[in-house]
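Me: Please give me a close look at a single part of this model. Then work outward from there, step by step.

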Amino acid sequence: MELLPRSPGEFGSARYWDRFFRQRGHRPFEWYGAFPELCPVLHKYVRPRDKVLVVGCGNSELSEQIYDVGMCEDIVNIDINNAVIHQMQERSRSKRPKMSYLLMDVLQMDFPDAHFHVVLDKGTLDAILTDEEEATLDKVDKMFGEISRVLQVGGRYLCVSLAQAHVLKKAVEYFSQEGWVVRVHQVADSRDKQQFVLPVFIYVMTKFRKITASAPQILEICPEEQDKPMRMESVEQLVTAVKDRQHYALLCSQLSKTPCKEQVCLDLCDKESGKPRYTLHVVDSSSVKPSRDNSFAIFIIPQGRETEWLFGTEEGRRQLATSAGFGRLITVALHREQHYEGMASIQSELSGRVMELAPPGLPARQQVPFLSVGGDIGVRTVRHCDTSPLSGEYVVEDVKGDGTCYFRRLIFLRNRNVVQSEARLLAPTPLPGQKKRRKDKKKPTLAEPPGAIDKSYLCCEHHKAMVAGLCLLGGPDPLSGALLAVLVVGLGGGSLPLFIHDYFSQAHVAVVEIDPSMLEVATRWFGFSQGDRMRVHVSDGLDYVAKLGAEAQYDAIMFDVDSKDLAVGMSCPPPAFVEKHFLQKVKAVLKPEGVFVLNLVCRDAQLKESVLATIREVFPLLYVRRIEGEVNEILFCQLSPEGRRDPTELGARARVLEGALRQAGRPWDSSYVLADMLQAVKIL
């Protein structure tokens with residue numbers, strides 16, 4: 001039986017509805033939700049003494065149910081279909097004496113002005129506004145004009161709608177320009193998501209006398225889970241907020257039907273601020289055969305660890321889901337701007353939402369496990385936040401890593417999942433006479449003053465590889481000469497130049513940093529300091545190198561500088577740093593047996609091949625060290641192909657260098673082995 005129209009335009013046709021109700025008979029038609037879903041919103045705006053007009057009533061039971069529960073009895077229903085009006089009159093004549101049904105067109109009503117307190121519309125606007133043709137928009141303007149005419153000042157137009165963008169925009173623009181207060185409620189929907197995908201909304205337009213054209217518009221949205229409305233700044237922002245909720249509903253419907261081939265990412269926002277509170281990734285594992293006990297789980301990523309490979313990359317999350325042994329795993333990252341009480345409160349807050357993302361076939365009331373590392377949510381303390389004209393918003397934060405170690409990190413918020421700089425913190429040293437903390441006492445937290453920076457430890461694997469590149473320098477070892485001149489472009493937290501300065505006692509390090517804010521951050525928060533062998537030049541690295549004279553010769557030049565342009569497929573370095581004419585300037589200030597070390601982060605395969613080809617034109621000898629689990633590749637570039645060394649020889653030189661450094665008596669982290677950094681080097 002064909003009940004749906006052949007085209008959307010038929011929704012506005014009286015002939016279509018006549019045929020529809022003849023075929024459907026006496027069965028109520030409730031596309032837009034039944035009374036139990038609509039009632040929580042309607043009862044806020046419909047009072048017992050109100051005079052209510054229901055436009056386009058059809059054979060919906062909504063009016064009858066409003067009457068029967070005592071919400072309101074003075075209800076007038078109108079529709080353009082004579083058959084349905086007769087049907088509804090017969091159904092309510094003896095049971096509901098105060099309610100009436102009239103054959104009338106909402107575009108031309110016979111009621112006097114200011115006759116009603118409430119006009120209720122369940123799907124009628126959607127049925128009329130099927131397109132944006134001029135004739136259709138004229139009909140809608142007539143409808144709105146008539147509704148405005150018959151409503152008293154302070155009256156409410158309640159429109160139940162699926163909120164297609166053009167429908168919502170037309171209604172909101174019309175009534176807000178008339179000086180009405182506009183509020184959009186999302187209806188808590190218990191309909192079958194397999195059958196009904198789009199959520200239902202109720203527009204609440206409250207009539208006020210129009211004061212001036214410049215009066216501010218009052219636009220609000222009430223998500224289904226909260227009563228407090230959120231103020232919107234514009235019609236466009238309100239339409240976007242509704243569209244986000246529709247996309248979420250479509251996503252939930254899709255995930256409830258089939259496994260997702262690609263990982264799905266979405267943010268759950270704080271009710272008060274509207275800022276992201278949780279970032280979720282939905283990961284379906286094809287290698288796990290789901291059963292009742294392993295079909296679905298939630299994994300809470302400890303604070304501060306969301307940037308790690310296992311949690312911050314698609315491949316890592318896929319591996320996590322497989323090792324956890326669940327068919328669908330949702331990873332949950334916690335945001336630094338938010339406060340969390342603990343695992344129990346997070347579980348309580350998320351339980352309802354994550355169940356909307358459950359896999360197909362999950363039994364009702366199935367207990368879903370919440371997992372984490374060590375059973376806690378981690379520790380994160382923001383030490384400093386500011387805005388730089390060059391780098392944008394940034395934060396310095398202390399986080400607990402895997403185990404008992406704590407780390408300090410610099411994060412640029414324009415790319416919040418990338419750690420710009422990181423340093424390990426030493427455990428706080430007890431003051432003289434201070435007793436050690438008893439084991440049964442409360443564990444220390446980062447609310448207490450942290451220890452100093454551990455300058456012996458390089459957190460970043462690519463920094464370890466860059467330091468190991470010094471083994472490529474000419475001569476028996478880099479410690480044999482009286483002076484080791486090193487140029488580092490890109491300061492960050494200062495870990496790389498500081499390590500070279502401290503462990504290579506003959507090294508004189510010049511650092512170039514374009515952002516003066518980073519020098520302040522490195523000095524205040526990462527233990528960086530300048531001296532006779534360490535100078536920072538606040539300058540653009542391109543300009544600084546270009547102005548160097550031929551007399552300036554360096555044993556090692558290192559580029560560890562990020563790109564501010566996120567649209568380019570290469571985030572490190574900026575493209576101008578690997579153009580041929582600039583690389584030739586780098587070559588001019590590099591000693592013949594020196595080494596140019598470049599941190600390359602490029603996700604665009606074609607662009608990377610182009611960059612490598614350009615570098616080879618200037619530096620004939622090119623080694624590459626790929627960093628496992630990261631996009632970073634460290635390039636070691638030299639001028640003479642005759643100086644080529646195989647990985648075995650490089651490993652031997654690394655062991656000699658490391659032995660000499662250890663004999664110098666400085667603390668050296670046992671996990672950092674120079675030879676290990678070089679054994680995976682390949683010659684390009």
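**Around one helix**

Reply: The buried residues of α2 pack against five elements: α3 (62-68), β4 (116-122), β5 (151-161), β6 and β7 (201-206). This is a predicted model. Which residues of α2 are buried? In this helix, residues 35-45, they are Phe 35, Glu 37, Leu 38, Val 41, Leu 42 and Tyr 45. Viewed down the axis of α2, these buried residues stay within an arc of 140°, so they line one face of the helix.

Take β6 next, one of the strands that α2 packs against. Strand β6 covers residues 181-186 and runs parallel to β8, with four bridges joining the two. Val 184 has Ile 221 of β8 as its bridge partner. On to β8 itself, residues 219-222: are its faces covered or not? Both are covered. Leu 219 and Ile 221 are buried on one side, and Glu 220 and Cys 222 are buried on the other. Strand β8 also pairs with β9 (residues 230-232), this time antiparallel and through three bridges. Here Ile 221 appears again, with Met 230 of β9 as its bridge partner. Both kinds of pairing fit the general rule: strands of a sheet pair through backbone hydrogen bonds, either parallel or antiparallel.

Now β5, another contact of α2. Start with its Tyr 157, which belongs to an aromatic set. The whole structure holds 15 aromatic pairs. In one of them, the ring centres of Tyr 157 and Phe 175 are 5.6 Å apart and the planes stand at 55°, so the pair is tilted. The two residues lie 18 places apart in the chain, linking distant parts: Tyr 157 sits in strand β5 and Phe 175 in helix α7 (residues 165-177). Tyr 157 has a relative accessible area of 0%, so this residue is buried. Phe 175 is buried too, at 0% relative accessibility. Phe 175 forms a further tilted pair with Trp 180, at 4.6 Å centre to centre and 45° between the planes. The relative accessibility of Trp 180 is 4%, so Trp 180 counts as buried. Tyr 157, Phe 175 and Trp 180 join Phe 144 and Tyr 174 in one aromatic cluster.

Tyr 157 also leads into the nonpolar packing. The largest nonpolar core has 43 residues. Tyr 157 is among the members that touch the most others, along with Leu 53, Ile 78, Phe 111, Leu 125 and Tyr 203. What does Phe 111 touch, leaving out residues up to four places away in sequence? The list is Leu 53, Val 76, Ile 78, Leu 102, Met 104, Phe 116, Arg 149 and Val 150. A second core stands separate, with 38 residues, including Tyr 503, Val 536, Met 558 and Leu 621.

One more sheet for reference. Four strands form an open sheet, ordered β15-β16-β17-β18 and paired antiparallel. The edges are β15 (380-388) and β18 (419-425), each with a single partner strand, so one side of each has no neighbour in the sheet. On average, neighbouring strands here are turned by 15° against each other, direction ignored. Seven bridges join β16 (residues 392-400) to β17 (residues 406-412). Val 395 stands opposite Ile 411 in β17. Helix α14, residues 516-525, lies across β15, β16 and β17 and runs at about 20° to β16.

Technical notes: Residues numbered from 1 in each chain as written. Predicted model: local features only at pLDDT ≥ 70, side-chain atom pairs only at ≥ 80, totals over all residues. Heavy atoms only, no water. Buried < 20%, exposed > 50% of the residue type's maximum accessible area, 1.4 Å probe, protein only. Pairing = 2+ DSSP bridges. Arc of directions from axis to C-beta. Contact = heavy atoms within 4.5 Å. Core = buried A, V, L, I, M, F, W, Y, C linked by side-chain atoms within 4.5 Å. Axes fitted to C-alpha atoms, helices over the stretch in contact; angles between N-to-C directions. Phe/Tyr/Trp six-rings, centres within 6.5 Å; stacked < 30°, edge-to-face > 60°.
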